[in-house]
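New notebook page. I'm opening a structure and jotting down what I look up as I go.

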Amino acid sequence: MKKLEKLSYDQLLEEFKALLKQNSLKFTSQREVILKTLYENQDHFTPENLYLLIKESYPDLNIGITTVYRTLNLLEENNFASSISFGVLGKKFELNNKSHHDHLICQNCGKIVEFHNEKIEQLQQEIANIHNFKLNDHLMQLYGICKKCQKNMES
């Protein structure tokens with residue numbers, strides 16, 4: 001599979017169609033709308049939030065929440081999407097079409113802030129080298145309380 005961050009929507013759609021065919025699944029307008037909505041929105045979505053956005057944006061589309069869950073899982077299993085787990089509160093998904101980034105996650109409200117820091121990237125590579133480890137990829141998630149929640153806790 002190609003790197004998704006370099007793909008236009010039309011190229012991504014062709015990769016998605018090939019993925020569906022490879023898994024003996026039909027290409028449907030519902031699945032396309034899920035992919036398109038993820039592509040057009042840089043947010044991190046719970047399946048429920050994504051479903052509600054699709055229902056609002058495409059009121060005439062007959063889509064069920066199960067289709068959203070299954071499509072997100074298919075996308076994640078095949079590296080088209082990634083997720084951040086919130087334990088019993090579920091997962092938030094994003095399409096893997098952005099350049100590499102890490103996450104700050106508020107444990108109170110679930111806000112996610114994306115960031116990239118070259119010093120952190122270099123340090124991770126140095127650590128891998130010290131341990132004779134070939135680093136292929138990584139996922140960094142830092143958990144804490146965002147400024148807004150801190151302020152609300154003080155009042």
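**Surface**

How much area does the chain expose, and what share of it do carbon and sulfur atoms supply? I looked it up: the exposed area is about 10,200 Å², and carbon and sulfur atoms supply 50% of that. Note to self: this is a predicted model.

**Overall layout**

I went through the secondary structure next. The chain has six helices and five strands. Reading from the N terminus, I get α-α-α-α-β-β-β-β-α-β-α. So much for the order; then I checked the dimensions. The C-alpha trace spans about 50 × 50 × 25 Å along its principal axes.

I also looked up burial for the whole chain. Of its 155 residues, 35% are buried. For contacts with a separation of 6 or more, I found that 50% join residues 24 or more positions apart.

Charges were a quick check. The chain has 19 positive and 20 negative charges, and the mean positions of the two sets are 2 Å apart.

**The nonpolar core**

Which residues have the most contacts inside the largest nonpolar core? I wrote down Phe16, Leu35, Leu38 and Leu50, in a core of 25 residues. Then I asked which elements supply it. At least two residues each come from α1 (9–22), α2 (29–40), α3 (47–57), α4 and β2 (91–95). The largest share is that of α1, with six residues.

I picked Leu35 for a closer look. Ignoring neighbours within four places in sequence, Leu35 is in contact with Tyr9, Leu12, Leu13, Phe16, Leu75 and Leu95.

**Leu74**

Next I clicked on Leu74, which lies in helix α4 (residues 65–77). Is Leu74 buried or exposed? Its relative accessibility is 8%, so Leu74 counts as buried. Leaving out residues up to four places away in sequence, Leu74 touches Leu19, Leu20, Asn23 and Leu25. I also took one distance: Leu74 and Lys92 are 18 residues apart in sequence, and their C-alpha atoms are 14 Å apart in space.

**Cysteines**

I wanted to know about disulfides. A disulfide is a covalent bond between the sulfur atoms of two cysteines. How many does the structure hold? Zero. Cys109 is in no disulfide, and the nearest cysteine sulfur, that of Cys149, is 3.7 Å away. Cys109 is partly exposed, at 44% relative accessible area.

Why is there no bond for Cys146? The closest cysteine sulfur, in Cys149, is 3.6 Å from the sulfur of Cys146, which is too far for a bond. The cut-off I needed here is 2.5 Å between the two sulfur atoms. Cys146 has 14% relative accessibility, so it counts as buried.

**Two positive phi angles**

Last lookup of the day: backbone angles. Most residues other than glycine have a negative phi, so I noted the exceptions I came across.

Where is Ser24? I found Ser24 in the loop between α1 and α2. Ser24 is not a glycine, yet its phi is positive, about 55 degrees. Ser24 is exposed, with a relative accessible area of 69%.

Asn132 went on the list too. Phi of Asn132 is near 50 degrees, a positive value in a residue other than glycine. Asn132 lies in the loop between α5 (118–130) and β5 (141–144). Asn132 is exposed as well, at 74% relative accessible area.

Methods. Residues are numbered from 1 along each chain as its sequence is written. This is a predicted model: local features need pLDDT of at least 70, side-chain atom pairs count only at pLDDT 80 or more; totals for chains, interfaces and linings use all residues. Side-chain values use heavy atoms; hydrogens and water are left out. Helices (H or I, at least four residues) and strands (E, at least two) are DSSP runs, numbered from the N terminus. Buried means under 20% relative accessible area, exposed over 50%, partly exposed in between (1.4 Å probe, protein chains only). Contact means heavy atoms within 4.5 Å. Accessible areas come from the Shrake-Rupley method with a 1.4 Å probe; for residues, only the protein chains shown count as cover. Lys and Arg count as positive and Asp and Glu as negative; His and the chain ends are not counted. The place of a charge is taken as NZ of Lys, CZ of Arg, CG of Asp or CD of Glu. A nonpolar core is a set of buried Ala, Val, Leu, Ile, Met, Phe, Trp, Tyr and Cys residues joined through side-chain atoms within 4.5 Å.
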